[in-house]
2 protein chains.
Amino acid sequence: VNRAAVLSIGTELTRGELVNSNAAWLSSELTDLGYEVTSVVTVDDDEPRIIAALERLGAEHAVIISTGGLGPTTDDLTTLSVAHLLGVPLFRDPSSLERIRARFVSVGLEVSASNEKQADFPQGARVLPNDWGTAPGFKVQIGGADAYFLPGVPREMRPIFEAHIAPELRGREGGGGHQIHLQTYGLRESVVNDKLAGIEAEHSVIIGYRAHFPETEVKVLARAETSELAAQRARGAADEVIARLGREAIYAEGKRSYAEAIGELLSQHSKTVALAESCTGGLLAKLLTDVPGSSRYFLGSAVTYANSAKTALVGVSEQLLSAHGAVSEPVASAMALGARAAFGSDFGLAITGIAGPDGGSAEKPVGLVHYALAHSGGVVQEHKVFPGDRGQVRLRAAYAALSLVRRALLAPG
Amino acid sequence: VNRAAVLSIGTELTRGELVNSNAAWLSSELTDLGYEVTSVVTVDDDEPRIIAALERLGAEHAVIISTGGLGPTTDDLTTLSVAHLLGVPLFRDPSSLERIRARFVSVGLEVSASNEKQADFPQGARVLPNDWGTAPGFKVQIGGADAYFLPGVPREMRPIFEAHIAPELRGREGGGGHQIHLQTYGLRESVVNDKLAGIEAEHSVIIGYRAHFPETEVKVLARAETSELAAQRARGAADEVIARLGREAIYAEGKRSYAEAIGELLSQHSKTVALAESCTGGLLAKLLTDVPGSSRYFLGSAVTYANSAKTALVGVSEQLLSAHGAVSEPVASAMALGARAAFGSDFGLAITGIAGPDGGSAEKPVGLVHYALAHSGGVVQEHKVFPGDRGQVRLRAAYAALSLVRRALLAPG
């Protein structure tokens, strides 16, 4: 296996002003490409430390991907540091200069000398054009490593990697690769891990994970002599993963969130949904509307945080509230029915619970959530005590409520 | 200035399965304590690479904070690697063993041999008790560095750092330190940076930033012979920061979100708010209810994504919708008035816009958002075209709408 390193350059990172999401993204992409990432290093904007890190990483890895320090300011030292390390002068790339000028002209700005600096590269470097911003990347050889340098802005870095680096790295390996993404929800990662033990060896694939609470993505990567063989192998292993985890736990194949997958199901069945949310306070509506085009199936949510709002917006009677309390099965059901009626939707989905940290009691502890789904055939209802802090309880409750919709749509008949 | 290093250990990190938020958090804390963090390194669960990283970091830094690899599984190699690096055997700490057993007994589980392993430490190590989980931390000397080892779970790592490491590091420096956190919203970080140029030198303080889009935290750290002097110095610099950025831009002193600060203002004025949200789809309600205790001032939100819901829940007439379109000043105002009436709140706040990526036109482009605030004295209204992708437009719109509440409450009279 080829070894790869990820280097992040920037004082904003070593001071902890930003979380380094680039390093995780690149590590995941390199792992998917079949590389073993054995060093992930961050240094500040300091030439001697940039040079020392590159020398060390170049001695031990086949590939280095570096991000950051390609901007126009005097703090941005990456290009100059590489030139000094290699003992070469800088050259100004005419076609990069052209692109930078064109970008500025297109928004009616003048190009400054510091922006033109972004067209400078170490002599001998191959330029990686940037169609998404002003800082192009470049590639040089450092020690035994192919070293790629990219800007730190994720929306520029990611497409340059995908357009100019991933195909090259894929090609180096020879043969074909194929990857299948399976999305799971409702299983702990350690459980997933245990259940899938042995598949890697049996099917000659690599299984990776990406956690995005409470979702876990399972990635099945196969490499073989041809792309067709790799695809076959990945398919066989993915089917084994599905069999072991169960169809219930795997909500989608391909890259999508749980809310997106539920939205697709609703679309396929030409159904609409509306919500009545108490403890989740708009979180579930937010998750559904994070998805572009969700207006096809999502009509709205009555976020009825106050009891008076439960009465005014979704018609929960005051008697019901005082008899059972807001966090109860009858109130959840009444909210679901009320949301369905108020919005005129096919499904009415309701959540009421105690997100904490305060407000719990012996019989209704923090984490207790009632959720209910109203549809043409009646109401289904569940309740659980979710672990975790306020944020986790709310997220778990939103997902559990969505699972009622999924089960209703997937139920036979 | 003392140099510090942060080492993260774990194959889940080098494979990119998790974003390394621990490194950013520790880097920020160390910077706040007056250290210069010059290396942030991640290695996989591999003994030779763990040892090589520790040796190198120990030669170049005064402090190393390491996280991860202290769990009960065979993958967790940190403790053993440190023992091998130092050439010492492991010892089992009776008091740690006692705590681990007690934790398991308290939840009705038996302790396994692998859990008891978590009471093992390199001979000579000082144990850092963990009151928040099963894996205690420990401290040893590696080269010139005080090396601290902590578990990787953030909710255990952070309190151990705060309880056992921060006071010790603060003490090493001698004298006193004082830090003031100022929260800003509405200024770009580069603008903040430019405006504050020179304050560090003038006031002998360190100014740091933590970006949490669209909020930016400005941290003013002073060190002096005594705590009182440090507090005075920090205060003087913070006042200068406030003067330069303007009171409008700084929404709070201390650690709090914008929604939290608006909530405090509402509480102070004994006012309640209710929302009518279209393009933000519940996001603003979610931000307000992320805050524990928000039921004191937040009554709810009518997330009226479909036009029919705007009519049914907050009484926007169909004529108004067809005459002006859903994204318009009259509809925003009607939604605000409707939310105030439906929930019976002091303030009714409404947002309607085009979050994208689709749905824009020449006269109503993607990013156009109308937002309005209804109160006892009438309605105020604004609109803007926000840049960015769907998520950024929605977040910017939610914050801009909140700013109407802030200005209404801070307005004289």
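Here is a short walk through this predicted model, from the contact between its two chains to a sheet inside chain B.

Let us start where the chains meet. On chain A, 60 residues are in contact with chain B, which brings 60 residues of its own. The size of an interface is often given as the accessible area lost when the parts come together. Here chain A and chain B bury about 4400 Å² between them, and carbon and sulfur atoms account for 54% of that area. Three residues are worth picking out as you look: Arg15(A), Glu17(A) and Tyr305(A) together supply 13% of the area that chain A buries against chain B, more than any other three residues.

Next, consider the polar side of this interface. There are 28 residue pairs in polar contact between chain A and chain B, counting pairs with both residues at pLDDT 80 or more. The interface also holds 4 salt bridges. In a salt bridge between the chains, Arg49(B) meets Glu36(A), with 3.5 Å from N to O. On the side of chain A that touches chain B, strand E2 (residues 36-43) of chain A gives the most, with 8 residues. Sorted by class, that side of chain A has 27 nonpolar, 20 polar and 13 charged residues.

Strand E2 of chain A deserves a second look. Strands of a sheet pair through backbone hydrogen bonds, either parallel or antiparallel. Across the two chains, E2(A) pairs with strand E2 (residues 36-43) of chain B in the antiparallel sense, over 3 bridges. To find your place there, look for Val40(A), whose bridge partner in E2(B) is Thr42(B).

Now let us move to a sheet within chain B. This open sheet has 4 strands in the order E10-E11-E9-E12, with antiparallel pairing. Its edges are strand E10 (205-212) and strand E12 (250-253) of chain B, each of which pairs on one side only. On average, neighbouring strands of the sheet are turned by 25 degrees against each other, direction ignored.

Inside this sheet, strand E9 (residues 176-185) of chain B runs antiparallel to strand E11 (residues 215-224) of chain B, and 10 bridges join them. One position to check along this pairing is Gln183(B), which stands opposite Glu217(B) in E11(B). A helix completes the picture: H16 (residues 390-410) of chain B packs on the sheet and touches E9, E11 and E12 of chain B. The direction of helix H16 makes about 100 degrees with that of E9(B).

Technical notes. Residues are numbered from 1 along each chain as its sequence is written. Chains are lettered from A and ligands numbered from 1 in the order in which they are written. This is a predicted model: local features need pLDDT of at least 70, side-chain atom pairs count only at pLDDT 80 or more; totals for chains, interfaces and linings use all residues. Side-chain values use heavy atoms; hydrogens and water are left out. Contact means heavy atoms within 4.5 Å. Buried area is the accessible area (1.4 Å probe) that two parts lose on being put together, summed over both. A salt bridge is a side-chain nitrogen of Lys or Arg within 4 Å of a carboxyl oxygen of Asp or Glu. A polar contact is a pair of N or O atoms within 3.5 Å; within protein, one must be able to donate a hydrogen and the other to accept it, and residues adjacent in sequence count only if both atoms are side-chain atoms. Ala, Val, Leu, Ile, Met, Phe, Trp, Tyr, Cys and Pro count as nonpolar, Asp, Glu, Lys and Arg as charged, and the others, Gly among them, as polar. Two strands pair if DSSP finds at least two bridges between them. Axes are lines fitted to C-alpha atoms, for helices over the stretch in contact, and angles run from 0 to 180 degrees between N-to-C directions.
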